[in-house]
Structure formats: structure tokens, C-alpha cells
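User: I'd like to go through this one and see how each label is earned. Can you set the values against the cut-offs for me?

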Amino acid sequence: MRIGDIACGRAGDKADVLDLTLVAYSDRDYARLEQLVTAEYAARALNRVVPGAVVRYELPALWALKFVAPTALAGGVHASLRAGLHWQKAAIWLLLDLEIGETQR
Amino acid sequence: MTQTFNALISGCSDMARRPSSEMFTIGAGAGFAGDRIEPAVLMAQSGEVDAIALECLAERTLVNALRMRESNSETGHDPRLARRLRPLLPHAARGCRVISNLGAANPAAAGHTTARLARDLGIPSLRIASVIGDDVRDRVDEVKWTQPIDDGTWVGAHVYLGLEPIVSALDEGADVVITGRVADSSLVAAAPVQALGLTGDAVAAALTVGHLLECSGQISGGNLTEPGVPDLSVEELARIGYPVADISQDGSATIRLLDGHPGRLNVAACTLQLLYEVHDPRSYITPDAVLDFTSIRFEQVGHNRVRLSGVQGSPRPDRLKVIGFLARRGQIADIEIAYAGTGALARARLAADVLRLRLQRELGIHDFVIDLVGVNSVLGAGSMPLHCEPPELRVHVSARCEDAEMAQAVEDEIYALTISGPAGGGSVRSERRGRVESLAGFLPRASVSATIEWASAA
């Protein structure tokens with residue numbers, strides 16, 4: 001099962017900072033994500049592509065997790081060497097496509 | 001007529017305001033400079049909205065506007081201003097206020113352009129206010145930047161103004177308010193705050209609504225894919241409605257789509273937008289309040305209707321954020337060449353390897369990436385594995401070059417592959433980007449003042 005099978009998500013950016021949001025669809029799925037997708041876990045996934053540490057914020061009342069990577073996008077949008085501008089819109093799939101094992105759903 | 005006030009002295013809670021009704025409806029007619037025109041027009045035609053906010057300014061567009069103003073001091077507002085406002089001004093004349101940051105790098109010029117538009121439309125009495133004062137280019141040495149400023153040339157620097165000058169202009173009877181850099185949430189919140197006379201947590205709620213609405217269709221089904229739910233249809237996405245919010249005097253609000261406007265406005269979409277480009281959700285800093293998003297509740301109260309409650313705010317910060325743009329030496333060359341047909345993948349990979357050698361060995365460039373569009377040009381090493389050979393694909397090269405001559409040399413190497421590289425290379429596409437870096441900094445609120453100018457068609 002992918003994270004994207006139990007959550008939706010969105011990526012954003014401000015200058016050097018990449019931010020990723022996951023929103024689960026039930027309290028059980030939220031609990032599962034909160035336990036599994038730690039800041040370190042997210043950092044391992046993101047560090048295949050962008051550098052730096054990841055800070056996690058938990059929003060249990062909204063079933064949401066927030067991941068912030070303060071140094072991921074050095075120099076901002078204009079300094080990127082990727083094709084075109086704003087590749088980071090797709091960066092949420094670095095989390096959504098992670099396999100997280102079987103589920104009893 | 002010019003009216004000056006100091007942002008510190010005339011705090012928004014001190015302003016005399018006349019609550020006109022119990023509820024105010026604000027619509028988000030645009031979420032970026034190139035956004036669609038039609039949704040705002042449909043909103044105005046519906047007669048259901050008291051004001052429309054048009055968010056049309058980002059780092060990239062502000063840099064472009066500054067470049068325009070450099071070459072002609074009468075320009076520097078959003079080049080789409082006339083196309084966007086022409087269909088809206090007649091509605092503004094009938095009471096639907098329009099608030100926008102279309103002023104970009106030159107809100108005064110934007111005001112005059114808007115006044116000429118109004119005159120040409122036969123509504124010369126339209127009251128058009130420009131908010132001046134976000135441009136702090138001549139104060140870059142006073143700004144406390146968050147990183148050292150070494151080399152580079154300043155393109156511009158702008159402080160994020162809050163909702164006060166907009167509220168003030170509306171108090172003075174403005175039908176249209178044109179600004180430069182104002183915090184997006186404040187741009188949207190200003191009209192309801194003014195009309196309802198909001199204070200305290202109700203202002204925080206209006207700012208939260210502003211944050212939710214500022215990206216237009218991104219809360220109503222855009223940029224949204226949900227597990228187990230089919231994506232919106234072609235017809236729905238093609239006509240996607242933009243959101244409006246009914247704000248009450250206690251700050252509670254309903255975010256909704258107008259009847260008959262397609263989209264998907266649900267709790268998940270609201271939650272994603274609430275947290276979009278937010279860092280610490282306990283402390284979202286705007287010029288007008290610091291917002292705590294952790295206590296917020298969303299409730300689906302109808303089809304494409306979500307109720308927002310529980311917003312908490314703490315007092316506004318003593319310093320205002322500044323965004324600065326620094327042009328660095330050099331250019332980024334971003335170029336692609338395509339291969340198609342049997343063996344396309346092998347020929348593309350061969351081309352990539354040849355380019356790697358040539359850039360390093362012959363041009364002495366080491367700061368570059370080469371990848372394959374359709375395979376790994378977006379997510380790089382995080383891309384999904386390739387399971388079959390694509391029928392066609394593009395080799396992409398981006399290189400940091402010290403000057404335009406070097407960027408040209410890189411481009412020439414890609415073009416050279418069309419005749420002396422692997423077979424069939426073509427469909428070359430090339431672009432150059434200047435290296436403009438965005439920097440964040442702060443100025444004391446007390447040192448920042450805004451001015452309102454009333455535009456005339458003259």
C-alpha cells in the first residue's frame with residue numbers, strides 16, 4: 001500500500017523552503033501515518049532528491065502532518081537546475097508513492 | 001488627494017468603522033498573475049459577492065514588473081491589468097468592490113491606467129485608490145536580512161504591507177483598491193474587516209479565510225487528487241469555480257462555490273490549502289495577526305460548502321517581512337532535445353553521455369544536470385522506475401553559466417547533436433534564466449508607512 005492510498009497531499013515552496021502536507025481520511029489512518037512517517041523517515045525519502053533536514057508538525061485535530069525542509073530549495077525557484085520552473089509542485093509524490101506495507105482496511 | 005498615515009499609530013482596531021450588515025461575502029477572483037479571467041467575472045455577475053479580491057503577484061511576477069519599470073517609469077504594473085479589470089469595473093461601479101495587487105511594482109501607474117479604463121467604459125466617477133509604500137529598495141541597508149548579502153545587484157525590495165491601508169481606502173469610499181506587495185491573506189481579508197468592523201479573533205478569522213482563498217481554485221478542486229475518489233471530469237475542471245466566503249461578525253465563515261459552479265470544495269481540500277506554504281501551523285505570521293491553525297475546525301455543511309471555526313490569533317508582529325531580489329552574475333541555460341522511435345532511449349542516453357563529456361571537458365562547466373524528460377527530469381533520483389521503453393523522450397540540460405556567451409556555447413552543443421550526434425535528435429527547445437535570488441528580511445513596523453493616492457484619468 002502507498003501513503004497515497006490513505007492520504008492526500010500537496011507541496012509548496014517559499015524561497016529555500018520546501019513544505020509538504022499529508023491529510024489522512026480517518027483518525028486510524030492519521031495515527032498510522034503519525035507513527036510511521038517520522039521527520040527522519042520523510043528526510044530519507046526527500047534526501048534522494050533535495051538536501052537537508054526535515055521538521056514535522058502534527059495536527060491531529062485535522063488529521064494532518066506537515067513536513068518542512070528549510071534548506072531543500074537553495075536559492076529558490078529561479079536558481080533551480082531542473083527543467084522549467086516549479087518542479088517542486090510534484091515533490092509530494094516523494095511521500096505519496098512510499099510503500100507502507102499491508103493494511104487491514 | 002494624498003493621505004499619509006503611519007502603520008503603527010493607526011492600528012486597525014483603532015479605526016472607526018461602520019458595520020453595514022451582519023455578513024460579508026468576499027470572492028477570490030484570481031490566485032496568481034496568469035490566473036483565469038472568467039471566474040471573477042462570473043462572481044461579479046452573480047450579484048452574490050460584496051467584494052472580489054484578485055491576488056496576482058508572486059516573486060517571479062514582481063521581478064518581471066521591476067524590470068519593466070526599470071526601462072519605463074510609467075510601467076511596472078501587471079501587464080494583464082486592463083484585460084482583468086475591464087469586465088469587472090462596471091460591477092465595481094454598482095457596489096462590488098475590487099481589491100487587487102495588480103499594482104505590482106507601480107501601483108500609482110496602475111491606478112492611472114485603471115482610471116483611464118473607467119473613463120473609457122463611461123464610469124469616470126469610479127473611486128480608485130492606489131496603496132503606495134511597499135517599495136523599500138532605497139532602504140535595503142536598513143533591512144535585517146536573514147542571510148549575508150555578498151555579491152549581486154539589487155533588482156528591488158518590498159515590504160509586505162497589511163490590511164490597514166486598504167481598509168483606510170475603503171473607509172474613504174474606494175470602489176477599487178490597487179496595491180503592490182501586500183500579504184495575500186490581508187489583501188483578501190481587508191474588505192470584510194472594513195465592512196463588518198471586525199476586531200480581535202474575528203480579524204484572525206478573516207485573515208485565515210484570506211489565506212484559504214488566496215490561491216483561488218486550489219481550494220475548490222484544483223491541484224487535488226484524493227485516494228479512491230475519481231478526479232474531476234474534463235467539463236468540471238475546464239469550468240472550475242473559484243471560492244467565495246461568507247464571513248459573519250463573530251469571524252465564523254463558510255467557504256463555498258456559487259450554485260452551478262463545478263468543483264470539489266471539501267474538508268480535505270480546505271485542510272490542504274490551510275497548510276499550504278505554511279511552516280509552523282501554530283504560528284502563521286501575517287502583518288495583521290499571528291494565526292494559530294491547530295485549533296481550527298472544518299465541517300462540511302452542504303455540497304461544496306465548508307464551515308470554518310475555531311481560529312485563534314495573537315497580536316500582530318512588531319516587524320514586517322521584506323522580500324528582496326538580488327541579481328547574481330551569470331545565467332541558467334535550460335535546453336532540451338528529443339529522440340523518438342525504436343531505440344529512442346538508448347540514443348537519448350548516448351546523447352546525454354556525449355553532452356556530459358563536452359560540457360565538462362571542452363566548456364569546463366561543472367554545475368549542471370542532465371536528465372530525461374518523461375523519465376527523471378522532475379523528481380530526479382526519486383522518480384519511479386522505468387518499466388518499458390518510452391516511444392519518445394527528451395534529453396534535458398540545465399547549466400549554470402558565468403555569462404551569456406557560455407550559455408550560448410552550451411545551447412550550441414545541444415544543437416550540434418542534431419547533425420553530428422545520435423540519429424534523429426531534434427525538436428530542440430531552449431530558454432535562458434537570469435539568476436535572481438529571493439532574500440527575506442525584516443523592517444520595524446514603526447518605520448514603515450503607507451500612502452493612499454486617488455487616481456484620475458488625466
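User: What makes B:Glu413 count as buried or exposed?

Analyst: Quick note before that: this is a predicted model, where local features need pLDDT of at least 70, side-chain atom pairs count only at pLDDT 80 or more, and totals for chains, interfaces and linings use all residues. Residues are numbered from 1 along each chain as its sequence is written, chains are lettered from A and ligands numbered from 1 in the order in which they are written, and side-chain values use heavy atoms, with hydrogens and water left out. Now, buried means under 20% relative accessible area, exposed over 50%, and partly exposed in between (1.4 Å probe, protein chains only). B:Glu413 has a relative accessible area of 13%, so it is buried.

User: How do you know that B:Glu413 forms a salt bridge with B:Arg358?

Analyst: The term asks for a side-chain nitrogen of Lys or Arg within 4 Å of a carboxyl oxygen of Asp or Glu. Here the closest N and O atoms are 3.4 Å apart, which fits. The pair links distant parts of the chain, with B:Glu413 in helix α12 (residues 404-420) of chain B and B:Arg358 in helix α11 (residues 344-362) of chain B, 55 residues apart. Helices (H or I, at least four residues) and strands (E, at least two) are DSSP runs, numbered from the N terminus. B:Arg358 is at 21%, so that end is called partly exposed.

User: What makes B:Asp135 and B:Arg69 a salt bridge, and which parts does the pair tie together?

Analyst: Their side chains meet at 2.8 Å, N to O, so the cut-off is met. B:Asp135 sits in the loop between β5 (128-132) and β6 (144-145) of chain B and B:Arg69 in helix α2 of chain B, so the pair ties together parts 66 residues apart in sequence. B:Asp135, at 30%, is partly exposed, and B:Arg69, at 23%, is partly exposed too. Over all chains, the search finds 25 salt bridges.

User: Why is the pair of B:Trp145 and B:Trp154 called stacked?

Analyst: Rings of Phe, Tyr and Trp (its six-membered ring) pair if their centres lie within 6.5 Å; planes under 30 degrees apart count as stacked, over 60 as edge-to-face and the rest as tilted. The structure holds 2 aromatic pairs over all chains. In this one the centres are 5.0 Å apart and the planes 25° apart, so stacked it is. B:Trp145 is buried at 14%, and B:Trp154 counts as buried at 18%.

User: How do you know that the charged end of A:Arg82 sits over the ring of A:Trp87?

Analyst: A charge sits over a ring if NZ of Lys or CZ of Arg is within 6 Å of the ring centre and within 35 degrees of the ring normal. A:Arg82 is 4.5 Å from the centre of the A:Trp87 ring and is listed as sitting over it. B:Arg319 lies over the face of B:Phe442, at 3.6 Å from the ring centre.

User: What makes strand β18 of chain B largely enclosed, and how does it pair with β16 and β17?

Analyst: In β18 (residues 392-401) of chain B, 8 of the 10 residues are buried, so the strand is largely enclosed by the rest of the structure. Two strands pair if DSSP finds at least two bridges between them. Strand β16 (residues 319-340) of chain B pairs with β18(B) in the antiparallel sense over 10 bridges, and 6 bridges join β17 (residues 368-373) of chain B to β18(B), also antiparallel. B:Tyr339 stands opposite B:Leu393, and B:Phe368 stands opposite B:Ala399.
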